[in-house]
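Subject: Structure for your review

Dear colleague,

Please find below the structure I am handing over to you. I should be grateful if you would read my notes alongside the sequence and the coordinates.

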Amino acid sequence: MALNYPPPVGPPRIADPPRRRAARVVFWVCIAMVAVGFIGLVGDWATRTIEMTRLAGAIERSEAAMTVAQEGIGAVDLPSDATSADKQAAVRELESVSARGRDDVAAAGTGVAALSFLPWHSEVLRAQAAYLDHNSAWVAYLDRGSTEPLTLFQDDNRIEPTWVAAEKWVRAAVPFPPFPPLAQRIDRIFEDGDSESGDGLTA
């Protein structure tokens, strides 16, 4: 007669205590929140970097227009023994160069103003506004020169303060850590501008 033994039985399964399950859920929720927060920070940094790269490009075009105007004004030659007719021709040339420079700088400023940024990126918006003040100061300077050329050489510096403010706010708007190519472009803008855009012409 065969003996029927019951099948072996393993240790009883013990369900996770409610506290352990809750701790596990909290752990994974925290991990998910950290991951989402990190992705959000990286995304915001990338967006700010793109915005500042666009602004830097528009500023470079504006600075180039100012440089062309400044060089054009400086190229007008008036020798000490110039005749009255020579002086009148030089005045007309200064008026023409100033008017052309005014229009080109104003057009570049329109390009800066046309850029749009996320509304909560207040640093980028402030940088844009500060540079537009500088662009407007140059437009006003060249506009005066288009009708009164001698003002181009007077020590009436309304440009320098706007340049200082623009550098302050543009540099402050570069996201941290700065993307090296962007930081280098900003450095070049303000290093070059120390002698080109910060001041008008002086006699």
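The notes below go from the overall fold to individual residues.

Please bear in mind throughout that this is a predicted model.

Overall architecture

The chain contains five helices and zero strands, so that its pattern along the sequence reads α-α-α-α-α. Of its 203 residues, 32% count as buried. Among contacts with a separation of 6 or more, 80% are made by residues 24 or more positions apart. The exposed area of the chain is about 12800 Å², and 63% of that area is supplied by carbon and sulfur atoms.

Aromatic pairs

How many aromatic pairs does a search of the whole structure find? The search returns two. In one of them, the ring centres of Trp138 and Tyr141 are 5.3 Å apart and the planes stand at 85°, so this pair is edge-to-face. An angle over 60 degrees is what places a pair in that class. Both residues belong to helix H3 (residues 122–147), where they are three residues apart, about one turn of the helix. Trp138 is buried, at a relative accessible area of 1%, and Tyr141 is buried as well, at 5%.

The other pair is formed by Trp163 and Phe190, with ring centres 4.9 Å apart and planes at 45°, so it is classed as tilted. Because Trp163 lies in helix H4 (residues 160–173) and Phe190 in helix H5 (residues 180–196), this pair ties together parts that are 27 residues apart in sequence. Trp163 and Phe190 are both buried.

The largest pocket

The largest pocket has a volume of about 160 Å³. Its lining consists of Ile73, Val76, Leu78, Lys87, Ala90, Val91, Leu94, Pro149, Leu150 and Phe153. Which helix gives the most to this lining? That is helix H2 (residues 84–113), with four residues. By residue class, the lining divides into nine nonpolar, no polar and one charged.

Buried residues in helices H2 and H3

Tyr131 is found in helix H3. Is Tyr131 buried or exposed? With a relative accessible area of 0%, Tyr131 is buried, because buried means under 20%. Leaving out residues up to four places away in sequence, Tyr131 touches Ile59, Ser62, Glu63, Met66, Val112, Trp163 and Ala166. One of these, Trp163, is also a member of the tilted aromatic pair. Tyr131 and Ser62 are 69 residues apart along the chain, and their C-alpha atoms are separated by 9.7 Å.

Val97 lies in helix H2 and, at 5% relative accessibility, counts as buried. Apart from neighbours within four places in sequence, Val97 is in contact with Ala69, Gly72 and Ile73. Of these, Ile73 is also one of the residues that line the largest pocket. Val97 and Ala75 are 22 residues apart in sequence, with a C-alpha to C-alpha distance of 9.9 Å.

The loops on either side of helix H4

Thr151 is found in the loop between H3 and H4. Thr151 is buried, with a relative accessible area of 15%. Outside its neighbours within four places in sequence, Thr151 is in contact with Tyr141, Arg144 and Gly145. Tyr141 thus appears again here, having been met in the edge-to-face pair with Trp138.

The loop between H4 and H5 holds Pro177 and also Pro178. Most peptide bonds are trans. The bond from Phe176 to Pro177, however, is cis, with omega near -5°. You may wish to look at this bond in the display. Pro178 has a relative accessible area of 37% and is partly exposed, as this value falls between the 20% limit for buried and the 50% limit for exposed. Although Pro178 and Thr49 are 129 residues apart along the chain, their C-alpha atoms are separated by 8.0 Å.

In short, the points I would ask you to view in the display are the two aromatic pairs, the lining of the largest pocket and the cis bond from Phe176 to Pro177.

With kind regards

Note on methods: Residues numbered from 1 in each chain as written. Predicted model: local features only at pLDDT ≥ 70, side-chain atom pairs only at ≥ 80, totals over all residues. Heavy atoms only, no water. Helix = DSSP H or I, 4+ residues; strand = E, 2+ residues; numbered from the N terminus. Buried < 20%, exposed > 50% of the residue type's maximum accessible area, 1.4 Å probe, protein only. Contact = heavy atoms within 4.5 Å. Areas by Shrake-Rupley, 256 points an atom, 1.4 Å probe, with all protein chains shown as cover. Phe/Tyr/Trp six-rings, centres within 6.5 Å; stacked < 30°, edge-to-face > 60°. 1 Å grid on protein atoms, 1.4 Å probe; cavity = no way out; pocket = protein on both sides within 12 Å on 5 of 7 lines; lining within 4 Å. Points joined across faces, edges and corners; volume = space filled by probe spheres on them. Nonpolar A, V, L, I, M, F, W, Y, C, P; charged D, E, K, R; others polar.
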